[in-house]
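Q: Please take a close look at the aromatic side chains in this model. Then cover the charged, cysteine and backbone details that go with a careful check.

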Amino acid sequence: MASSNNKKSKRRFHPVRFLAKFTLVTLLLAAVVMAVYGVYLSRDIEKRFSGRRWSIPSTVYSDTTLIYPGQRIRSDALLEKLQRLAYRAVDHAPKQKGQFRRRGESFEIFLNDVNLIVLERSGFPVKIDIKKGTILDIRHGLSSESIPLLELAPEELMLFFGPEREQRRLISIENVPQQVQRAFMAAEDTRFMDHFGLDLRGILRAAYVNLRHGAIHQGGSTITQQLAKNYFLTPEKTFSRKIKEMVLALVMEQMYTKAQILEIYLNEVYFGQKGSVAVTGLGEASLFYFGKPAAQLTVAEGATLAGLLRAPNRDSPYVNAERARQRRDQVLHTMVEQGWISAAEGATALASPLKPSGFKVYGKKAPYFMDYLSRQAEALYARDDLAKLGLSIFTTLDTEVQEAAEKALAVGLERLEKNDPTLRRREPDRRLQGAIIVIQPKTGYILAMVGGRDYATSQFNRVTHARRQPGSAFKPFVFLSALNRFNPASVLSNTPVTYQVNGKSWRPDNFSPMAAQTVTMRTALAHSINIATVDLAMKIGLDEVVRTASAFDFSTPLAPHPSLALGAMEVIPLELARAYCAFAADGLLPVPLSLKEIGDDHDQVLNRRHMAVEPVTTPAKAFLINSMLSSAVAEGTARSLKGLGIGQPVAGKTGTTNESRDAWFVGYTPEILALVWVGFDDGGSVKGTGASAALPIWADLMRRIPQHLSGAWFQRPAGVVDRVICADSGQLAVTGRCPRPVRELFLEELVPADPCPLHQPPQSRLQKFFEEVKEFVDKL
């Protein structure tokens, strides 16, 4: 009986049923595990996608460019400006934003949209009529309405790259044409809008094709899987990584819409290289390959970019135009097959030529200026933040002035070496050097900075770091310190004198011999007469010279020695240029500015730098210095400017140091100031003067930027009057008696009161009798 019960209690083992149960339990456990894992991944996805998704390098921009009727301009310079702004030349009237046509000197331009914190506007067509280097008229291309002032967008100058050196321009899916979106689906995932993250049909199809060919010819990854792989995972090819990729894709599809996923994908994918810089995202790729924003891409252009994704460097139209065309055509055929474009639209796109816009390998523009700016930016933000926050940094740089300065310096130094081959040195680090700084005097805005001949050879910025003797370029500060007691007509001694300095004899000499025993202050400064300048410094006192010059914030020491009057000390070129700005700005010393505004990636202003000035002399005294320095250009050491094509009123001063180690010229108008220095870093002789070495470079620079030489001159301020005086005595001229009467300027409080004593009419006997009587009475 027991045996019978035991037999009944035993059950037969059913392998199929067991396997089914085991599989079900395993699947349930796997599903639970995957669900938990999916929840874990969803938190990671949400954290990554809700914050900053990419490290966007901060972009440095130039200043905007203003053009207006009546402005002098070089048509070639405007052409170069448009090309730097990525406008495309066409041989017909511009029909799309970003196109232009040049007709003689004049231009027709369809302006691009601009959306920056310094300038925001929608693009529209304009016509700029230019004749003989002057803008005659600017009109709206559609309404023909006159435009009094047109502002061109700033140029991109530099990017603060991180270690990946990725250049990315974020776009919204709303700004990507529908046909361009479909081009990427045709290239990568035709069932993107239908699947849930994984395309089982695509996976099976890819497996079949790969097995049939015995190699991997087709992939089964969806766009969502590609995004998961590129954004979250490493490139390694393992089974576990593939599982994670699939889970990520499933979770992402549950968390985000198709439009959101496609937008992130298009901003993430890699499109090739621009030199050492990775072109990442559709926004950057559309500009790199076709010179236009993604919103303006055609179907054929979108298909070209979509076709690049599998092998962007191999199939690039810059590398292999035929392969790029074949890939484009494959994408277009797929779009026709899917019904996304008609056969006629496909045929038109297939027949269109593949013409990339061309590009320049990334290189830092205005490198010395950028180094100077970077130090200021890094004082506000960490270097890592600049490489990832996508800030927009707007500067004072005028790219046309910068380019003109770079060319003028290069041409000028080459000219000097050609004229005197002994100046040409074979060692790159010992070559003849130069520096240029261009500033707006009233604002302190730095328009251009060239710190050396070749940045690749030497990154030493001679504008901001060199310490060189200014020579006669320092003399205006000596003459300024005398204006409390002397005036431009005051007579100075030109007789050689030996001075005792620290127990040693020192005797200044003039650069060129002069027979005159006396000269006026104006003549002494205009002709840079050393003996008269030292005589003036000794009369007013060297301590007064030091006190006056110190107000201009020179960081280098100023010692009260007689040689100080001749610039026998060191200055930094930027500081000397800044000091001269005070003369051009009515006595106000500006703070040099390179940085104007910093905005975040949402176009909100984070930092704004305002101009700052401080008074260092009166407008009246500044005007007198300007007047005397205009004489230096008209008749003095800088008189060669007119022969070099500079006919507008200019104030300026040359400077040359002992043995011609340094050659300087500082020239300015009310609107612009430029300083040029030429010399060797090791102190070798340039075998020339400020007038022969530096001044021609200044003239070349100004000829290249005619819009900055309007011919305007300084307005006479209150407190300055003019009188006709005798050039020999400096006193009021006697009509009909003084042989050289001239009209001179004076401070109101220092106007001469006495008539010229050198050219008085002969006294009558009666006048002489009365004077003798008066003298006798005075004695009593």
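A: The aromatic pairs come first, followed by charges, cysteines and backbone angles.

This is a predicted model, in which local features need pLDDT of at least 70, side-chain atom pairs count only at pLDDT 80 or more, and totals for chains, interfaces and linings use all residues. Residues are numbered from 1 along each chain as its sequence is written, and side-chain values use heavy atoms, with hydrogens and water left out.

The structure holds 20 aromatic pairs. Rings of Phe, Tyr and Trp (its six-membered ring) pair if their centres lie within 6.5 Å; planes under 30 degrees apart count as stacked, over 60 as edge-to-face and the rest as tilted. F477 and F583 form a tilted pair, at 5.3 Å centre to centre and 35 degrees between the planes. F477 lies in helix α16 (residues 475–481) and F583 in helix α20 (residues 573–584), so this pair ties together parts that are 106 residues apart in sequence. Helices (H or I, at least four residues) and strands (E, at least two) are DSSP runs, numbered from the N terminus. Both F477 and F583 are buried. Buried means under 20% relative accessible area, exposed over 50%, partly exposed in between (1.4 Å probe, protein chains only).

F665 and W698 make an edge-to-face pair, with 5.4 Å centre to centre and 85 degrees between the planes. F665 lies in strand β27 (residues 662–668) and W698 in helix α22 (residues 690–704), so the pair ties together parts that are 33 residues apart in sequence. F665 is buried, at 0% relative accessibility. W698 is buried too, with a relative accessible area of 1%.

Ring pairs also build a cluster. Its members are F474, F477, F552, F554, Y580, F583, Y668, W713 and F714.

Two rings carry a charge above them. A charge sits over a ring if NZ of Lys or CZ of Arg is within 6 Å of the ring centre and within 35 degrees of the ring normal. The charged end of K258 sits over the ring of F192, 4.6 Å from its centre. The charged end of R425 sits over the ring of F680, 3.9 Å from its centre.

Now K621, in helix α21 (residues 619–634). K621 is buried yet has no salt bridge (a side-chain nitrogen of Lys or Arg within 4 Å of a carboxyl oxygen of Asp or Glu). The nearest side chain of opposite charge, E749, is 6.5 Å away. Lys and Arg count as positive and Asp and Glu as negative; His and the chain ends are not counted. Leaving aside neighbours within four places in sequence, K621 is in contact (heavy atoms within 4.5 Å) with L480, L483, N484 and L747.

Cysteines next. A disulfide is a pair of cysteine sulfur atoms within 2.5 Å, and the count comes to zero disulfides. C756 is in no disulfide; the nearest cysteine sulfur, that of C738, is 3.7 Å away. C756 is buried, at 0% relative accessibility.

Last, the backbone. S144 has a positive phi, near 60 degrees, and is not a glycine. S144 lies in the loop between β9 (134–140) and β10 (150–152), and at 44% relative accessibility S144 counts as partly exposed. E659, also not a glycine, has a positive phi of about 60 degrees. E659 is found in the loop between β26 (651–656) and β27. E659 is exposed, with a relative accessible area of 57%.
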